[in-house]
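Please take a guided walk through the model shown below. Keep the viewer open and make each selection as it comes up.

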Amino acid sequence: MQCDSLRGFDRVRALRWQEGALHLLDQRALPLQTQWHALSSSLEVAHAIRALIVRGAPAIGIAAAYGLVLAARECALLPPGQQTTAFIAAAENLRAARPTAVNLMWAVDRMRAALADQPDVDRALVEAKAIEAEDLAANYAMAILGAGLIEPGSGVLTHCNTGSLATAGLGTALGVIRAGFADGRVARVYAGETRPWLQGARLTAWELLEDGIPAALIADGAGAYVMSLGQVQWVIVGADRICANGDTANKIGTLSLACAARQFGVRVMVVAPTSTVDFGTLEGSEIHVEQRDQRELTDYAGQQIAAHGVTAFNPVFDVTPARLIDAIVTERGVVMAPDVEKLRGAFA
Ligand code: MRU
């Protein structure tokens, strides 16, 4: 399969740099409304990441990189003695916007290193554009590598949104599904709704419909049952952080799918660029799992739907141990049955 045969599946963009501002497609409003916001300060970008206007591990890294272009512009207006301190403060603020997806920290650190903390706007823009372009190229490479693992006529189940909206374009797990569909390997797609924020029902279902790829939306709790019917040969998901030993943080619900997959003889594929691989985190227990506002669970569309007075526990990621993962696909290759030695050998 060639990259060109995938371009027709890559039409949506979550962000674009235009006329000196970062434009973000508001993922809170999709698919009912298409709203773009033009952001012109690094504080606005940090807020947009926290508020999930932009989301998905690679996309928040790219957004933060452009946030540092805006920070460089702001800092260049300050007296020379204050510029570096202000630039570092803006970088730290962006880096802390969300805790789990390592692509955010990776992108901020890469920008700081490229600029040596000097707010040079032109240099910052070159680096941010490179981060975006490399992510897009990685997704095309992973799509082809991952699809190659799938037998023709297979059913796949995916979780959360890992498509163009979550990346620079095409997607990670959804890129593999797109390539697999184009190649006749993927015959059926099940998309978990992804409670509570509904990334699957709102975003993945929308992207698949835009592409003309038939998919069935399922309640998150239906995953194990669908696997028990023999309808699914691969669970294919993205990642927010892959530890040195292969333990993988991804959207809450991924761990349940991986446990069910093992029970029913379904294989699990994690698809993520090497910017998601974090050799500084040795194993899953070290990952900071983001907890979000209880109201994401107790309320819907601004209306309380849970019993008044109930408290909620809302971790938005979980960690799947490496032993439940059959393949990790990155742009630099595939690691089967990942462990610390194989990952170091492949990527360190
Ligand atoms: O909270 P979100 O929507 O940012 O979580 C996104 C996910 O968990 C994705 O599966 C992951 O970032 C991979 S996206 C290519």
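The tour starts at the ligand and then visits some backbone features in loops.

**Stop 1: the ligand and its shell.** Bear in mind throughout that this is a predicted model. Select the ligand, then expand the selection to residues with a heavy atom within 4 Å. There are 17 residues around the ligand, and those that come nearest are Arg55, Arg98, Asp240, Asn250 and Lys251. Colour the shell by class: 6 residues are nonpolar, 7 are polar and 4 are charged.

**Stop 2: polar contacts.** Which backbone lies 3.0 Å from an oxygen atom of the ligand? Select Gly56, where a backbone N or O atom is at that distance. Next, show the side chain of Gln199; an N or O atom there is 2.8 Å from an oxygen atom of the ligand. Then move to Asn250, whose side chain places an N or O atom 2.6 Å from a ligand oxygen. Now turn on the surface of the ligand: taken alone it exposes 420 Å², of which the protein buries 99%. If you display cavities, the largest one is the space taken by the ligand.

**Stop 3: what surrounds the ligand.** Switch to a cartoon view and select helix H2 (57-75) together with strand S9 (248-251). Each of these two elements supplies at least two residues of the shell around the ligand. Then colour domain 1 (3-138) and domain 2 (142-347) separately. Why does the ligand lie between these domains? Because both of them give residues to the shell around it.

**Stop 4: cis peptide bonds.** Leave the ligand and select Leu30 and Pro31. The peptide bond from Leu30 to Pro31 is cis, with omega near 0°. Pro31 has its place in the loop that runs between strand S2 (21-25) and strand S3 (36-39). Go on to Arg195 and Pro196, where the joining peptide bond is also cis and omega is again near 0°. Here the loop holding Pro196 is the one between strand S5 (186-192) and helix H7 (199-211).

**Stop 5: a positive phi.** Finish at Asp117. Is the phi of Asp117 positive or negative? Phi is positive, at about 60°, although Asp117 is not a glycine. To find the residue in the cartoon, look in the loop between helix H4 (102-115) and helix H5 (121-147).

Terms used
Residues are numbered from 1 along each chain as its sequence is written. This is a predicted model: local features need pLDDT of at least 70, side-chain atom pairs count only at pLDDT 80 or more; totals for chains, interfaces and linings use all residues. Side-chain values use heavy atoms; hydrogens and water are left out. A polar contact is a pair of N or O atoms within 3.5 Å; within protein, one must be able to donate a hydrogen and the other to accept it, and residues adjacent in sequence count only if both atoms are side-chain atoms. Accessible areas come from the Shrake-Rupley method with a 1.4 Å probe; for residues, only the protein chains shown count as cover. On a 1 Å grid over the protein atoms alone, a cavity is a set of points where a 1.4 Å probe fits but cannot get out, and a pocket is an open set with protein on both sides within 12 Å along at least five of seven lines; lining residues have an atom within 4 Å of a point. A molecule sits in a cavity or pocket if more than half of its atoms lie within 2 Å of its grid points. Helices (H or I, at least four residues) and strands (E, at least two) are DSSP runs, numbered from the N terminus. Ala, Val, Leu, Ile, Met, Phe, Trp, Tyr, Cys and Pro count as nonpolar, Asp, Glu, Lys and Arg as charged, and the others, Gly among them, as polar. Domain bounds come from an automatic or database domain assignment.
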